[in-house]
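Okay, thanks for coming, everyone. I'll put the structure up and walk you through it.

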Amino acid sequence: MEAEYYVGSRQSLKKILNELKSRGLKVLGPKKSSGSIVYGEISDIEEMPLGIGGLSSITHHSIKEILHPSNQRFLYTDSNYTSHIPENGTESFALFGIRPCDLSSLQITDLLLSEDPFYNNRRSKLTWVIVEECQEPGIFCFCSLIGTGPTAKADFDISYALIGRDCIVFRKGTEKGEKMLKILQLKEVDENSKEVLLYKQRAEAAAVSMKKRFREGLSGLPEALDASLGDVSFWKKISDRCIGCSNCNMVCPTCTCSEFLDEAMMDGSAERQRFWVGCLSPVYGEVAGTHFRKEQYMRYRHFVLHKFLFPFIKQVPSGCVGCGRCIAFCPMGLDLRNTLQEVLIKYAKK
Ligand code: SF4
Ligand code: SF4
């Protein structure tokens, strides 16, 4: 029978990284940078936040920064008024060490940006996905509540989890991932081995700890949200600290809204840039002298509905992957988990 699990060390991880690089791939993933964790090119596994849980496991960046960059030159015309579409990254690349929540965000951005040629071009260059599974959740994480973690579910080649200082359990996701694990001669183990049992036990404990405050999970949430829509005082109260800074939109891996800026130069050339915008910002709803979401509570409510109620949600488990970034980076301490809890308490059918 083919093995699903393998056991190795940090050295094995290094070998996978080197193998990917030797195949000419640019390897991108979370890396430590001046006290933060951002996404960037990984040249050594020592740069990565391996096995780090708690607050430090949350990266400022997500995969969104790679596939749908925050600022992008979209189109330009030269001084002869000829239009050009700029180069949009031609290198094939691998994602290495991304967490299961970010992996799940791909399913959502694939859907939301399916008509975007820039996104699709970058997405087609993504040829390998190596996931680090979490054994210790961050304090703001709730992936197990959504069903996106803490173990990787699908669409990855290899996953790994650190179960000891220098002991790693690897799991094959695809045939090519399995081939790589075999080429590197990692030790095959069965699912009753002590390493796999410990890995599963820790993953289960992490999942349970994230669900604690929601005894009945999120069942009935769409209906409860639907029922809450007209309760203006409820939404005003929930969002009363929100200042519309849009930090939550910027860090959210599944917020994909953009705006364009056209700039004309004196020599006749011009360029169009695309940059992220957030629906929580007061300027977002300004259209031709009016505003379709005038008050802050409307914007906050829209954000929550977009993640958990809108029609596209029917095609994915949820528009939110439970990464906790919007909670971690909200300057006013708004916690999406509290909002969902309050909606369920007041509006879920008993
Ligand atoms: S980060 Fe917090 S304060 Fe800023 S827009 Fe989002 S919810 Fe409001
Ligand atoms: S809404 Fe918050 S928790 Fe959900 S995916 Fe976006 S940033 Fe993560």
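**A walk through the predicted model**

Let's start with a pair of strands: S4 and S5 run antiparallel and are joined by two bridges. Before I go on, keep in mind that this is a predicted model. In that pair, threonine 77 stands opposite serine 83 in S5. The hairpin has five residues between its strands, and there tyrosine 81 takes a positive phi near 65°.

Now, S4 has another partner. Strand S4, residues 71-77, is also joined to S12 by six bridges, and again the two run antiparallel. If you want a spot to look at, find arginine 73, which stands opposite glutamine 273 in S12. S12 itself covers residues 270-276, and seven bridges join S11 to it, antiparallel once more. Over there, serine 258 sits opposite tryptophan 276 in S12.

So what is the order of the four strands in this open sheet? Reading across, we get S5-S4-S12-S11, with antiparallel pairing. Strand S5 (83-84) and strand S11 (258-264) are at the edges with a single partner strand each, so one side of each has no neighbour in the sheet. As a reminder, strands of a sheet pair through backbone hydrogen bonds, either parallel or antiparallel.

Let me zoom out for a second. The chain has 13 helices and 14 strands. A compact globule of 350 residues would have a radius of gyration near 20 Å, and the chain comes in at 22 Å, which agrees. Along its principal axes, the C-alpha trace spans about 65 × 65 × 35 Å. Buried residues make up 37% of the 350 residues. And if you take contacts with a separation of 6 or more, 72% of them are between residues 24 or more positions apart.

Okay, on to a helix, H11. It's residues 296-308, so 13 residues, and at 1.5 Å a residue it should span 18 Å; the end C-alpha atoms are 19 Å apart, which agrees. Which residues of H11 are buried? They are Arg299, Tyr300, Arg301, Phe303, Val304, Lys307 and Phe308. You'll notice arginines and a lysine in that list. Something to bear in mind when you look at the spacing: an α-helix has 3.6 residues a turn, so residues three or four places apart point the same way. As for what the buried residues of H11 pack against, that's helix H8 (221-228), helix H9 (232-238), helix H10 (247-251) and helix H13 (336-347).

Glutamine 296 is in H11 too. Is glutamine 296 buried or partly exposed? Partly exposed, because it has 18 C-beta neighbours inside 10 Å, and being buried takes 20 or more. Leaving aside neighbours within four places in sequence, glutamine 296 is in contact with Ser239, Cys242 and Gly244. Asparagine 249 is 47 residues away along the chain, and its C-alpha atom is 14 Å from that of glutamine 296.

Two of those contacts of glutamine 296, Cys242 and Gly244, bring us to the ligands, since both residues are also among those around ligand 1. The full set around ligand 1 is Cys242, Ile243, Gly244, Cys245, Ser246, Asn247, Cys248, Leu280, Cys330, Pro331, Met332 and Leu334. By class, that shell has nine nonpolar, three polar and no charged residues.

Let me stay with Ser246 from that shell. It's in the loop between H9 and H10, and its phi is near 70°, a positive value in a residue other than glycine. Serine 246 counts as buried because it has 22 C-beta neighbours inside 10 Å.

What about ligand 2? There are 13 residues around it, and Cys252, Cys320, Cys323, Arg325 and Cys326 come nearest. The shell around ligand 2 has eight nonpolar, three polar and two charged residues.

Last bit: some backbone details in loops. Glutamine 185, in the loop between helix H6 (175-183) and strand S10 (187-189), has a positive phi near 55° and is not a glycine. With 11 other C-beta atoms within 10 Å, glutamine 185 is exposed. And where does proline 150 lie? In the loop between helix H5 (143-146) and strand S8 (158-164). The peptide bond from glycine 149 to proline 150 is cis, with omega near 5°.

That's my tour, thanks for listening.

How values were computed
Residues are numbered from 1 along each chain as its sequence is written. Chains are lettered from A and ligands numbered from 1 in the order in which they are written. This is a predicted model: local features need pLDDT of at least 70, side-chain atom pairs count only at pLDDT 80 or more; totals for chains, interfaces and linings use all residues. A residue is near a molecule or strand if its C-beta atom, placed from the backbone, lies within 6 Å of it. Ala, Val, Leu, Ile, Met, Phe, Trp, Tyr, Cys and Pro count as nonpolar, Asp, Glu, Lys and Arg as charged, and the others, Gly among them, as polar. The expected span of a helix is 1.5 Å times one less than its number of residues. A residue is buried if 20 or more other C-beta atoms lie within 10 Å of its own, exposed if 12 or fewer, and partly exposed in between; C-beta atoms are placed from the backbone. Two residues are in contact if their C-beta atoms, placed from the backbone, lie within 7 Å. Two strands pair if DSSP finds at least two bridges between them. The radius of gyration is taken over C-alpha atoms; the globule rule is 2.2 Å times the number of residues to the power 0.38.
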